[in-house]
Amino acid sequence: QVQLVESGGGLVQAGDSLRLSCAASGRTFSRNCMGWFRQAPGKGREFVAAIIWSGDSTYYADFVKGRFTISRDNAKNTMYLQMNSLKPEDTAIYYCAAARGVAHGSYPYWGQGTQVTVSS
């Protein structure tokens with residue numbers, strides 16, 4: 001059974017940092033692109049960041065560029081999202097996802113999400 005499990009969310013103040021982790025089990029995603037998405041209350045799910053299997057290429061939504069950094073450790077089958085300079089508008093449930101293949105695109109594998117709340 002394939003599982004993606006996020007951790008590291010919590011309640012922080014504006015300007016603080018958090019590091020999210022996504023641990024995969026059931027199969028290896030070392031050759032798959034992986035990504036982070038988020039869903040704020042009353043809004044649809046939106047793309048945050050993605051990283052190809054080698055880590056050589058990363059993609060970011062404009063609203064997190066310069067603040068968030070995505071990385072992965074294929075030996076641990078784990079992906080990370082370092083979030084700095086957090087803003088109240090970053091409050092959302094953050095989901096990790098694994099793409100169908102090497103490219104950033106279709107994401108059929110999803111975790112259950114971890115809540116990030118940023119107070120002003």
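Which residue in β9 is the bridge partner of M34? The answer is A98. The structure is a predicted model. That pair belongs to a ladder between β4 and β9, which run antiparallel over 6 bridges.

**Overall fold**

The chain holds 11 strands and 0 helices. Read from the N terminus, the order of elements is β-β-β-β-β-β-β-β-β-β-β. The radius of gyration is 13 Å, close to the 14 Å that the globule rule gives for 120 residues, so the chain is as compact as a globular protein of that length. Along its principal axes, the C-alpha trace spans about 40 × 30 × 25 Å.

Buried residues account for 41% of the 120 residues. The accessible surface is about 6,000 Å². Carbon and sulfur atoms contribute 47% of that surface. Contacts often reach far along the sequence: among those between residues at least 6 apart, 55% join residues at least 24 apart.

**Strand β9 and its partners**

β9 covers residues 92-98. It is mostly covered, with 6 of its 7 residues buried. Its pairings include the following.

| Strands | Sense | Bridges | Example pair |
|---|---|---|---|
| β4 and β9 | antiparallel | 6 bridges | M34 and A98 |
| β9 and β11 | antiparallel | 3 bridges | Y94 and T114 |
| β9 and β10 | antiparallel | 2 bridges | A97 and W110 |

β10 is a strand of residues 109-110. W110 in β10 stands opposite A97. In β11, T114 is the bridge partner of Y94.

**The four-stranded sheet**

Another group of strands forms an open sheet. Its 4 strands follow the order β1-β3-β8-β7, with antiparallel pairing. β1 (3-7) and β7 stand at the edges with a single partner strand each, so one side of each has no neighbour in the sheet. From one strand to the next, the twist averages 15 degrees.

How many bridges join β1 to β3? There are 5, and the two strands run antiparallel. Within this region, Q3 stands opposite S25 in β3.

**Nonpolar cores**

In soluble globular proteins, nonpolar side chains tend to be buried together. Here the largest nonpolar core has 27 residues. W36, L81, M83 and Y94 touch the most other members. Two or more residues each come from β3 (18-25), β4 (34-39), β5 (45-51), β7 (68-73), β8 (78-83), β9 (92-98) and β11 (114-119). Apart from this core lies another of 6 residues, including C33, F37, A50 and Y107.

M83 shows how the contacts spread. Leaving aside residues up to four places away in sequence, M83 touches D16, S17, L18, L20, R67, F68, Y94 and V116. One of these, Y94, is itself listed with M83 among the members that touch the most others.

**An exposed leucine**

Is L11 buried or exposed? L11 has a relative accessible area of 63%. The cut-off for exposed is over 50%, so L11 counts as exposed. This leucine is found in strand β2 (residues 10-13). L11 also illustrates a long sequence separation: S119 is 108 residues away in sequence, yet the C-alpha atoms of L11 and S119 are 7.4 Å apart in space.

Conventions
Residues are numbered from 1 along each chain as its sequence is written. This is a predicted model: local features need pLDDT of at least 70, side-chain atom pairs count only at pLDDT 80 or more; totals for chains, interfaces and linings use all residues. Side-chain values use heavy atoms; hydrogens and water are left out. A nonpolar core is a set of buried Ala, Val, Leu, Ile, Met, Phe, Trp, Tyr and Cys residues joined through side-chain atoms within 4.5 Å. Buried means under 20% relative accessible area, exposed over 50%, partly exposed in between (1.4 Å probe, protein chains only). Contact means heavy atoms within 4.5 Å. Two strands pair if DSSP finds at least two bridges between them. Axes are lines fitted to C-alpha atoms, for helices over the stretch in contact, and angles run from 0 to 180 degrees between N-to-C directions. The radius of gyration is taken over C-alpha atoms; the globule rule is 2.2 Å times the number of residues to the power 0.38. Accessible areas come from the Shrake-Rupley method with a 1.4 Å probe; for residues, only the protein chains shown count as cover.
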